[in-house]
Amino acid sequence: MPVLAVPADEGFWVGHGTARLWVQLRGSGESTPHVGRGDLVSFTGTVVAHDRRFADRVGVDESEGADELTRQRFHLAVSAADLHVPHP
């Protein structure tokens with residue numbers, strides 16, 4: 001999946017064009033993998049429902065897509081160990 005934006009330390013948007021989903025890293029602690037806009041990532045995760053306060057809790061503001069994240073009502077939870085970011 002292409003990374004579209006990385007507005008939070010432990011989460012980022014993936015997708016194509018305007019279709020995107022939030023990926024929330026779990027269990028990342030000090031060893032959060034470096035993910036940047038334009039990276040192609042692969043992972044195994046779980047679809048998780050979230051409440052209306054989720055965007056605030058993960059540090060996504062209005063300019064970074066908080067309204068969209070709230071409307072979607074779910075995100076992908078991915079263990080940092082299950083995230084693969086191939087770098088050349």
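**View A. One aromatic pair in this predicted model.** A single aromatic pair is counted here, and its members are Trp 13 and Trp 22, arranged edge-to-face. Their centres are 5.4 Å apart, with 80° between the planes; planes over 60 degrees apart count as edge-to-face. Both Trp 13 and Trp 22 are buried.

**View B. Arg 20 over the ring of Trp 13.** Staying with Trp 13, we find Arg 20 over its face. The distance from the ring centre is 3.9 Å.

**View C. An open sheet of five strands.** Follow the strands across the sheet and the order reads 1-2-3-5-4, with mixed pairing. Strand 1 (3–8) and strand 4 (46–49) each have a single partner strand, so one side of each has no neighbour in the sheet. On average, neighbouring strands are turned by 35° against each other, direction ignored.

**View D. Strand 2 beside strand 3.** Here residues 11–16 (strand 2) pair with residues 19–26 (strand 3) in the antiparallel sense, over six bridges. Look for Val 14, whose bridge partner in strand 3 is Leu 21.

**View E. Two nonpolar cores.** The largest nonpolar core has eleven residues, including Val 3, Phe 12, Val 14, Val 23, Leu 25, Leu 76 and Val 85. Strand 2, strand 3 and strand 5 (74–79) are the elements that give two or more residues to this core. Apart from it lies another core, of nine residues. The tryptophans of View A return here: Trp 13 and Trp 22 are among the nine, as are Ala 55 and Leu 69.

Terms used: Residues are numbered from 1 along each chain as its sequence is written. This is a predicted model: local features need pLDDT of at least 70, side-chain atom pairs count only at pLDDT 80 or more; totals for chains, interfaces and linings use all residues. Side-chain values use heavy atoms; hydrogens and water are left out. Rings of Phe, Tyr and Trp (its six-membered ring) pair if their centres lie within 6.5 Å; planes under 30 degrees apart count as stacked, over 60 as edge-to-face and the rest as tilted. Buried means under 20% relative accessible area, exposed over 50%, partly exposed in between (1.4 Å probe, protein chains only). A charge sits over a ring if NZ of Lys or CZ of Arg is within 6 Å of the ring centre and within 35 degrees of the ring normal. Two strands pair if DSSP finds at least two bridges between them. Helices (H or I, at least four residues) and strands (E, at least two) are DSSP runs, numbered from the N terminus. Axes are lines fitted to C-alpha atoms, for helices over the stretch in contact, and angles run from 0 to 180 degrees between N-to-C directions. A nonpolar core is a set of buried Ala, Val, Leu, Ile, Met, Phe, Trp, Tyr and Cys residues joined through side-chain atoms within 4.5 Å.
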